[in-house]
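The following exercises guide a new reader through a molecular structure. Each task is followed by a solution in steps.

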Number of protein chains: 2
Amino acid sequence: LIREKGAYLKSSRPTAVNLEWAVDEMMRTAIAERGVGVRQLQQRLLKEAHAIAEQDRLMCRAIGKHGAAFIKSGMRVLTHCNAGALATAGDGTALSILYEAQRQKIAFEVYADETRPLLQGARLTAWELMASGIDVTLVCDNAAGLLMREKKVDLVIVGADRIARNGDTANKIGTYSVAVLAKANEVPFLVAAPATTFDLSIASGAAIPIEQRDAAEVTHFAPGQPRTAPEGVQVFNPAFDVTPAGLITAIVTDRGVIRPVNEKAIQKMING
Amino acid sequence: LIREKGAYLKSSRPTAVNLEWAVDEMMRTAIAERGVGVRQLQQRLLKEAHAIAEQDRLMCRAIGKHGAAFIKSGMRVLTHCNAGALATAGDGTALSILYEAQRQKIAFEVYADETRPLLQGARLTAWELMASGIDVTLVCDNAAGLLMREKKVDLVIVGADRIARNGDTANKIGTYSVAVLAKANEVPFLVAAPATTFDLSIASGAAIPIEQRDAAEVTHFAPGQPRTAPEGVQVFNPAFDVTPAGLITAIVTDRGVIRPVNEKAIQKMING
């Protein structure tokens, strides 16, 4: 039964690798405790879950510390989707860097892409940065290009759902577009992710499965809201895309900064 | 009074140049008819308006005929915003090319970017292409990059709001991003616009005013709908951006195709 439920949980996010990792940790615990009573097993699993959450908090904090050196006074930072405190047990990955810079009293501004279709940027990132007193401006995903072309963005920081051995990075749909725009406008593009997000079993991004999601996310603004696209329209709704390593200036991990991004540097940081 | 109303109408779309052109035509008529009775003036202005509409229909049709040669059998075409029958008196500009290709029995498919914030792609383009029996698939703006990287787009066609003397083109926000993605993925990028969209008084796109619009377009999905971003969040909502001439493969006009896109070729086509 536990195996079945574990497989079900893992199937909910085929692209991301951290959930799979955490579920595997829990399953290992459950299997190691085989034979104990249900109550005792529950307590052991709860303890393990708390340990994973604490580990996540520490990883987030370490990413922040390694990444804060990228934030200079007066910078305008653009982020896509939510890789913050609302997406992790700690301060987040991309946003942890901003929280650490804030603790270091560095002044900076943030542009948050709204991140269609599910608007994590509008609903989550803008909210948590405002709540933390960070100067944040919400933009449509379509405005990121204009901002960069008008030299209003000095740095891009995003999170990651899975990073292949060569550095190709799967993240929320639209991240690849932001990376191409950053390259074209000579804006450094950072990925922030813990070592557990690396999947060294995968040679490149081509092997990362991309989750396809419901058409209703695109044809309706939110569940229960009126439709905004014609009845019966065909929809293509990939939830993630892959940014090739060549577009990534550096990957900030809890163990340190990988730069330049290539297989050798990744192996050294993650395995060594 | 007419001058005042004309200035008011023109101020409603500072970026686009075609409305300004049409209002000026109407004002010229009104001034030429100075002294006639109100009823007669109304009739003259209505006649002029019908003439402008008929001219627009012919321009759209001519753009379609010049552009259809770009559409090859089996092509997947991506478009952004709405430059179709719902935006012009005729078949549109970008979409006129598709309607002409359909009349020529060329088989093709279309991806329509939804085009946040106002969703002209979802609400207008998808609707009118479906109504015309063209195979259209709706995508979030964020998915355009993935489509191009996965070689699922053979051609991009967009309209234009104003084209400077050097070919820099203002169009709906996000068009620049699509053009950068097209260039990075070696996908031809076409602009379709009548000669009246060229503003030869402007040397480059830097001189085109960009209309800034209400934050509510970004914080609420549609007027009267619940908000989807935190109360009080700062918003930057430019309605247009400028695509530099260097990213444009060709401009399809009612007079012919400008390719390559540069000042000399534009002067020759537009001024004779």
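Helix axes are lines fitted to C-alpha atoms over the stretch in contact, and the angle between two axes is taken between their N-to-C directions, from 0 to 180 degrees. The structure treated here is a predicted model.

**Exercise 1.** Determine how helices H3 and H4 of chain A are placed relative to each other, and which residues form their contact.

*Solution.*
Step 1. Locate the helices: H3(A) covers residues 38-67 and H4(A) covers residues 94-103.
Step 2. Compare the axes. They come within 7 Å and cross at roughly 65 degrees, and the crossing is right-handed.
Step 3. List the partners. H3(A) contributes Cys60(A), Arg61(A), Ile63(A), Gly64(A), Lys65(A) and Gly67(A). On the side of H4(A), these meet Ser96(A), Ile97(A), Glu100(A) and Arg103(A).
Step 4. Sort the contact residues by class: three are nonpolar, three polar and four charged.

**Exercise 2.** Examine the helices H3 and H4 of chain B in the manner of the preceding exercise.

*Solution.*
Step 1. The axes of H3(B), residues 38-67, and H4(B), residues 94-103, come within 7 Å, with a crossing angle of roughly 65 degrees.
Step 2. The handedness of this crossing is right-handed.
Step 3. Among the residues that meet are Cys60(B) and Arg61(B) from H3(B), and Glu100(B) and Arg103(B) from H4(B).
Step 4. By class, this contact holds three nonpolar, three polar and four charged residues.

**Exercise 3.** Establish what turn and shift lay chain B on chain A, and what relation follows.

*Solution.*
Step 1. A turn of 180 degrees with a shift of 0.0 Å along the axis lays chain B on chain A with an RMSD of 0.1 Å.
Step 2. The two chains are therefore related by a two-fold axis.
Step 3. Find the C-alpha of chain B nearest the axis: it belongs to Phe221(B) and lies 3.3 Å from the axis.
Step 4. Consider the contact surface. Of the contact residues of chain B, 100% recur in chain A, and the same surface thus serves both copies.

**Exercise 4.** State how many cavities of 30 Å³ or more the whole structure holds, and describe the lining of the largest cavity.

*Solution.*
Step 1. The search finds one cavity of that size.
Step 2. Its volume is about 120 Å³.
Step 3. The lining comprises 16 residues, and those nearest the centre are Asp141(A), Ser177(A), Asp141(B), Asn142(B) and Ser177(B).
Step 4. The elements that give two or more residues to this lining are helix H7 (175-184) of chain A and helix H7 (175-184) of chain B.
Step 5. By class, the lining has six nonpolar, seven polar and three charged residues.

**Exercise 5.** Identify where cis peptide bonds occur before Pro117(B) and Pro260(B), and where Cys81(A) with its positive phi is found.

*Solution.*
Step 1. Recall the background: most peptide bonds are trans, and most residues other than glycine have a negative phi.
Step 2. The bond from Arg116(B) to Pro117(B) is cis, with omega near 5 degrees. Pro117(B) lies in the loop between strand S2 (108-113) and helix H5 (120-131) of chain B.
Step 3. Arg259(B) and Pro260(B) are also joined by a cis bond, with omega about 0 degrees. Pro260(B) sits in the loop between strand S12 (256-258) and helix H9 (263-271) of chain B.
Step 4. Cys81(A) has a positive phi, near 65 degrees. Cys81(A) belongs to the loop between strand S1 (75-79) and H4 of chain A.

Key:
Residues are numbered from 1 along each chain as its sequence is written. Chains are lettered from A and ligands numbered from 1 in the order in which they are written. This is a predicted model: local features need pLDDT of at least 70, side-chain atom pairs count only at pLDDT 80 or more; totals for chains, interfaces and linings use all residues. Side-chain values use heavy atoms; hydrogens and water are left out. Helices (H or I, at least four residues) and strands (E, at least two) are DSSP runs, numbered from the N terminus. A crossing is left-handed if the near helix is turned anticlockwise from the far one by less than a right angle, and right-handed if clockwise. Contact means heavy atoms within 4.5 Å. Ala, Val, Leu, Ile, Met, Phe, Trp, Tyr, Cys and Pro count as nonpolar, Asp, Glu, Lys and Arg as charged, and the others, Gly among them, as polar. Copies are superposed by least squares on the C-alpha atoms of residues with pLDDT of at least 70 in both. On a 1 Å grid over the protein atoms alone, a cavity is a set of points where a 1.4 Å probe fits but cannot get out, and a pocket is an open set with protein on both sides within 12 Å along at least five of seven lines; lining residues have an atom within 4 Å of a point. Grid points are joined across faces, edges and corners, and a volume is the space filled by probe spheres set on the points.
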